[in-house]
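Biologist: I should be grateful for a close look at one part of this structure, the aromatic rings and the strands around them. Please explain each step for a first-year student.

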Amino acid sequence: AASSAAAAETSGTWGDNLSWEFHADAGKLTISGTGEMKSARNALEYPWSVHLEAVKTLVIAEGITSVGSNAFAYYSALESVMLPSTLTTIEAYAFYQIPAPHIDLPMGLTFIDFSAFSRSGLQSITLPASLTYLGEYAFMECAQLKTVNIPNGVGNLNSGCFKGCAS
């Protein structure tokens, strides 16, 4: 009998504006389209979630402006995340508990919501100067997080943003 992952869809659409494609041989998930990524109540509602234990590399293509709530939460093999320059918003729990050690946040990013990167494997992060809102517990309990660069002009850092981090 084939495993559910082997029989699972490897491409499709999400909402009216996004498409996705998973390449199992490389462990690469690419999300393409324009505009906002529709949010879901939990990670399993996204159609690409059938691959959540196999995705090693995530590419969110140029044109996409937001990462939806819970979109990549619990992706246990996710080591590399590439975000587009068009990204302005990262919703709650979007990258919750992923192992990626580093993510380049684009310069146009303005909003990171509640617990977006909590319990992730991040070791360092540079917040873009464009950031106007950093939600509560955004980077909470990132045990390996030792370096945080916050440029002048970053506004509205909410309580507990870095609670429980290494340094």
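Modeller: A residue is called buried if its relative accessible area is under 20%, exposed if that area is over 50%, and partly exposed in between. The model discussed here is predicted. With the cut-off in hand, we may begin with one residue: Tyr46 has a relative accessibility of 1%, and therefore counts as buried. Trp48 is buried as well, because its relative accessibility is 0%.

These residues belong to a wider set of rings. Across the whole structure, a search finds 15 aromatic pairs. One of them joins Trp14 and Tyr46, whose ring centres lie 4.9 Å apart with an angle of 45° between the planes, an arrangement classed as tilted. This pair brings together distant parts of the chain: Trp14 belongs to strand β1, Tyr46 to the loop between β3 (28-33) and β4 (57-60), and 32 residues separate them. Both partners, Trp14 and Tyr46, are buried. Tyr46 also pairs with Trp48; here the centres are 5.1 Å apart and the planes meet at 25°, so this pair is stacked. The cut-off behind that step is that planes under 30 degrees apart count as stacked.

Ring pairs of this kind connect into a cluster that consists of Trp14, Trp20, Tyr46, Trp48, Phe72, Tyr75, Phe95, Phe117, Phe139 and Phe162. Trp14 has a further neighbour of another sort, since Lys38 lies over the face of its ring, at 4.4 Å from the ring centre.

The strand that carries Trp14 deserves attention next. Strand β1 (residues 11-14) pairs with strand β2 (residues 18-23) in the antiparallel sense, through four bridges. Within this pairing, Thr13 stands opposite Ser19 of β2. The two strands form a hairpin with three residues between them, and in that hairpin Gly15 adopts a positive phi near 65°.

Positive phi values also occur at residues that are not glycine. As background, most residues other than glycine have a negative phi. Asn70 departs from this pattern, with a positive phi of about 65°. Asn70 is found in the loop between β5 and β6 (80-82), and it is buried because its relative accessible area is 14%. Tyr93 is another such residue, with a positive phi near 60°. Tyr93 sits in the loop between β7 and β8 (111-112); its relative accessibility is 29%, so it counts as partly exposed.

Both loops adjoin strands of one sheet. This is an open sheet of four strands in the order β5-β7-β8-β10, with parallel pairing. At its edges stand β5 (66-67) and β10 (133-134); each has a single partner strand, so one side of each is left without a neighbour in the sheet. The pairing of β5 with strand β7 (residues 89-90) is parallel and rests on two bridges. In that pairing, Val67 has Ile90 of β7 as its bridge partner.

Finally, we may turn from buried rings to the surface. Val148, Ile150 and Leu157 form a nonpolar patch there, and their accessible area together is about 210 Å². Leu157, which lies in the segment after β11 (147-149), has a relative accessible area of 39% and is therefore partly exposed.

Key: Residues numbered from 1 in each chain as written. Predicted model: local features only at pLDDT ≥ 70, side-chain atom pairs only at ≥ 80, totals over all residues. Heavy atoms only, no water. Pairing = 2+ DSSP bridges. Patch = residues over 30% accessible without salt bridge, like charges linked within 9 Å, V, L, I, M, F, W, Y side chains within 5 Å. Areas by Shrake-Rupley, 256 points an atom, 1.4 Å probe, with all protein chains shown as cover. Salt bridge = Lys/Arg side-chain N within 4 Å of Asp/Glu carboxyl O. Buried < 20%, exposed > 50% of the residue type's maximum accessible area, 1.4 Å probe, protein only. Phe/Tyr/Trp six-rings, centres within 6.5 Å; stacked < 30°, edge-to-face > 60°. Lys NZ or Arg CZ within 6 Å of the ring centre and 35° of its normal.
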